[in-house]
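Hi everyone, thanks for coming. I'd like to walk you through a structure that may be new to you, so please have the sequence and the 3D view open.

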Amino acid sequence: MTKKNNHHYDIIHGDCLDVLREIPTNSIDVTFADPPFNLNKKYGDYRDRQDFHDYLQWCKKWLQEMVRITKTSGSIFVHNIPKWLTYYATFLNDIADFRHWISWDAPSSPMGKSLQPSHYGLLYYAKDRRLNKFHELRYPHKRCRKCDYLSKDYGGKKSKLHPFGPLVSDVWSDIHRIRHNKRRDPHPCQLPIHLLERIILMSSDAGDTILDPFIGTGTTAIAAARLGRRAIGIDIDSQYIDITRAKLSTGIPQTKLGNTWVSLFCKEIITIADCDWQQLEAYFLVPDNIAHIDHVRILPDNRETPDVVLPG
Ligand SMILES: C[S@@+](CC[C@H](N)C(=O)[O-])C[C@H]1O[C@@H](n2cnc3c(N)ncnc32)[C@H](O)[C@@H]1O
């Protein structure tokens, strides 16, 4: 679990449009963008306040470039508030294949005189749906913190449960925004690493290249490095670029159980690829009677996984 990552990354200081235009067509496995939301946030060099139409025209330019550089087997992801995603989707529907609107359940500040905004959207497009690389995912069963029983009532179907947990749906409520300042860089909108790891596990394999035109303080590049992928990140702000490069230069530990890539948060496995369960099962103590997992966690076998600790 603690081997250092030797995979490649390229962190580029510049305007993403200039850099994207230099990248060959059909050359990148996954493109992910978390642009400024035009909400007047306090970034370093970038002024996050454009006229409505200017903002959308600008977005269309980099969206078009993202689709162009993505391989035919590849995926395009865009993170934003629902308001802007409705425009992005209208544009992207003409140049790529819609797969999902993922709702990331993450509350933001009250806005007044509106429903409380409680999710961000993640648009997921395939460059070509028929060729798209996609891995189904699983997350751990949710349990009561006090009694450890499964939170959901599966009735008489408990013996049919998957020992690790359910398939990931298009609503993600188990990944929280960064809560502690000690885990945060001086950046107003840093995403959690395991959000990106889930996207990367779903859409790529080890050795693939993930590109983020708005890298900020490096979340996508770090997630890619932890999962043995290559990363290209671009940002217009030299301070954010310095932070990203400094973090990557310390050597990012790979998150692997045996030979299998997994996503971890606080030493708990948060996401696995469904197809990897066969290899991963050997690292867990699974009860003979699966129905017993309603009150027994499948703990990692400590002889095999000294670095992994599940809570409880
Ligand atoms: C929402 S933040 C991305 C945060 C990132 N996902 C993270 O977790 O750190 C948007 C980023 O876009 C950068 N940016 C704004 N305009 C840009 C442009 N034209 N080219 C490249 N980066 C730009 C900003 O400096 C900011 O860091």
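**A short tour, starting from a strand pair**

Let's begin with one pair of residues: L264 stands opposite I269 in β13. Before going further, please keep in mind that this is a predicted model. L264 belongs to β12, and 3 bridges join β12 to strand β13, residues 268-273, with the two running antiparallel. These strands are part of an open sheet of 3 strands, in the order β6-β13-β12, with antiparallel pairing. Which strands stand at the edges here? They are β6 (137-138) and β12 (263-265); each has a single partner strand, so one side of each is left without a neighbour in the sheet.

Now for another sheet. This one is open as well, has 8 strands, and follows the order β1-β9-β8-β2-β3-β5-β4-β7 with mixed pairing. Its edge strands are β1 and β7, each pairing on one side only. As a general reminder, strands of a sheet pair through backbone hydrogen bonds, either parallel or antiparallel.

You can see both senses of pairing if you look at β4. Strand β4 (residues 97-105) is joined to strand β5 (residues 119-126) by 8 bridges, and the two run antiparallel. With β7 (residues 171-172), β4 shares 2 bridges, and that pair runs parallel. A nice residue to click on is S103. Its bridge partner in β5 is G121, and S103 also stands opposite V171 in β7.

Elsewhere in this sheet, strand β8 (residues 209-212) pairs with β9 in the parallel sense over 4 bridges. There, T209 has R230 in β9 as its bridge partner.

On to the helices, and α5 is a good place to start. How many of its 8 residues are buried? The count is 8 of 8, so to speak a mostly covered helix. The buried residues are T219, T220, A221, I222, A223, A224, A225 and R226. They pack against β1, β2 (28-33), α4 (193-203), β8, β9 and α6. Just after α5 comes G228, with a positive phi of about 70°.

Helix α6 gives us another picture. With 12 residues, 238-249, α6 reaches 16 Å from its first C-alpha to its last, close to the 16 Å expected at 1.5 Å a residue. Buried in α6 are Y240, I241, I243 and T244. Why do we say these residues are on the same side of α6? Because they cover an arc of only 160° around the axis. In general, an α-helix has 3.6 residues a turn, so residues three or four places apart point the same way. The buried residues of α6 pack against β1 (9-13), α5 (219-226) and β9 (230-235). On the face turned away from that buried side, you'll find the exposed residues S238, A246 and S249. Just after α6, G251 takes a positive phi of about 85°.

One more helix residue: Y87, in helix α3 (residues 82-92). Y87 counts as partly exposed because it has 16 C-beta neighbours inside 10 Å. The C-alpha atoms of Y87 and L56 are 7.8 Å apart, although 31 residues separate the two along the chain.

Let's finish with the ligand. 21 residues surround the ligand, and the closest are C16, D34, F214, G216 and T219. T219 came up before, among the buried residues of α5. By class, the shell around the ligand holds 12 nonpolar, 5 polar and 4 charged residues.

Thanks for listening!

How values were computed. Residues are numbered from 1 along each chain as its sequence is written. This is a predicted model: local features need pLDDT of at least 70, side-chain atom pairs count only at pLDDT 80 or more; totals for chains, interfaces and linings use all residues. A residue is buried if 20 or more other C-beta atoms lie within 10 Å of its own, exposed if 12 or fewer, and partly exposed in between; C-beta atoms are placed from the backbone. A residue is near a molecule or strand if its C-beta atom, placed from the backbone, lies within 6 Å of it. Ala, Val, Leu, Ile, Met, Phe, Trp, Tyr, Cys and Pro count as nonpolar, Asp, Glu, Lys and Arg as charged, and the others, Gly among them, as polar. Two strands pair if DSSP finds at least two bridges between them. The expected span of a helix is 1.5 Å times one less than its number of residues. The arc is that of the directions from the helix axis to the C-beta atoms. Two residues are in contact if their C-beta atoms, placed from the backbone, lie within 7 Å.
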